[in-house]
Amino acid sequence: MKISAEILLQQLQDAELGGFEAQRIYAPPYRSLLSDEEILARNPKYAAVNILLYPKNGDWYFPLIHRTHNENDRHSGQISLPGGKKDDTDEDFSDTALRETWEEIGVEIPQIKILKELSPIYIPPSNFFVYAFLSYLEETPVFKFQEAEVQEVLEVPLSLIYHLPNPPEITELPKSKGYKVPFIDFNDHKIWGATSMILSELNQLLKNV
């Protein structure tokens, strides 16, 4: 991973996406590929998330957020990428990803440069169709997170994603009566579900660089 910033960013922009085949490595066991027609028939809600790369101490990092516990939020307490539901005021899904990044962790929109759109992902339990984006900053940010939604910002080294185990580690979800899922371990935080699936595609993208 010790290559210049410009070369890495250009190669990531040009690299081929792995799609669902890359995502499914870290998918829950029930997850299967649905066609766009099958997804649209379920009248899904739409959202966007952002993998925000930034330089720090000579390496690349990106933020994950530890969501605040909220009884009305199905993803309460989980580790996720900055992102959220598309608003009517958003022109497109990239606008959603940038706006949510600003609202949740305080990175100003003009500072963020989008590299590329990753493969979208459908989340059956919450009926969300999520669009994922890869972006970057030229300088190390100072995070100012929205405490109503975010209790902690995790700064994750990109090298962790490059070296993801394949096959992944498996964990049993709490209060799930034995339901087990693949996960990414980071500082005793378990990253699973759609977030780990998106990061699995990033892993394949990095391997294609």
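**Exercise 1. Confidence**

In this predicted model, find which helix has the lowest confidence and which the highest.

*Solution.* Start with the low end: helix H1 (residues 5-14) has a mean pLDDT of 92. Then go to the high end, where helix H4 (residues 93-105) reaches 98. Finally, set these beside the whole protein: its mean pLDDT is 92, and 95% of its residues reach 70 or more. A word of care for the remainder: where pLDDT is low, the predicted coordinates should not be read in detail.

**Exercise 2. The partners of strand E1**

Work out which strands pair with E1 (residues 45-56) and in which sense, parallel or antiparallel.

*Solution.* Let's take the partners one by one.

1. Strand E7 (residues 128-136) pairs with E1 in the parallel sense, over nine bridges. To find your place, look at Asn50, whose bridge partner in E7 is Phe133.
2. Strand E4 (residues 83-85) runs antiparallel to E1, with three bridges between them. Here Ala48 stands opposite Gly84.
3. Strand E2 (residues 59-67) is also antiparallel to E1, over three bridges. Lys56 of E1 faces Asp59 in E2.
4. Now look at how E1 leads to E2: they form a hairpin with two residues between them. In that turn, Asn57 has a positive phi of about 55°.

**Exercise 3. A pocket**

Describe the second largest pocket: how much space does it hold, and which residues are closest to its centre?

*Solution.* First, the volume: about 260 Å³. Next, the lining: of its 13 residues, Val107, Gln111, Leu137, Thr140 and Pro141 are the closest to the centre. Last, sort the lining by character, which gives five nonpolar, three polar and five charged residues.

Terms used. Residues numbered from 1 in each chain as written. Predicted model: local features only at pLDDT ≥ 70, side-chain atom pairs only at ≥ 80, totals over all residues. Heavy atoms only, no water. Pairing = 2+ DSSP bridges. Helix = DSSP H or I, 4+ residues; strand = E, 2+ residues; numbered from the N terminus. pLDDT = per-residue confidence, 0-100. 1 Å grid on protein atoms, 1.4 Å probe; cavity = no way out; pocket = protein on both sides within 12 Å on 5 of 7 lines; lining within 4 Å. Points joined across faces, edges and corners; volume = space filled by probe spheres on them. Nonpolar A, V, L, I, M, F, W, Y, C, P; charged D, E, K, R; others polar.
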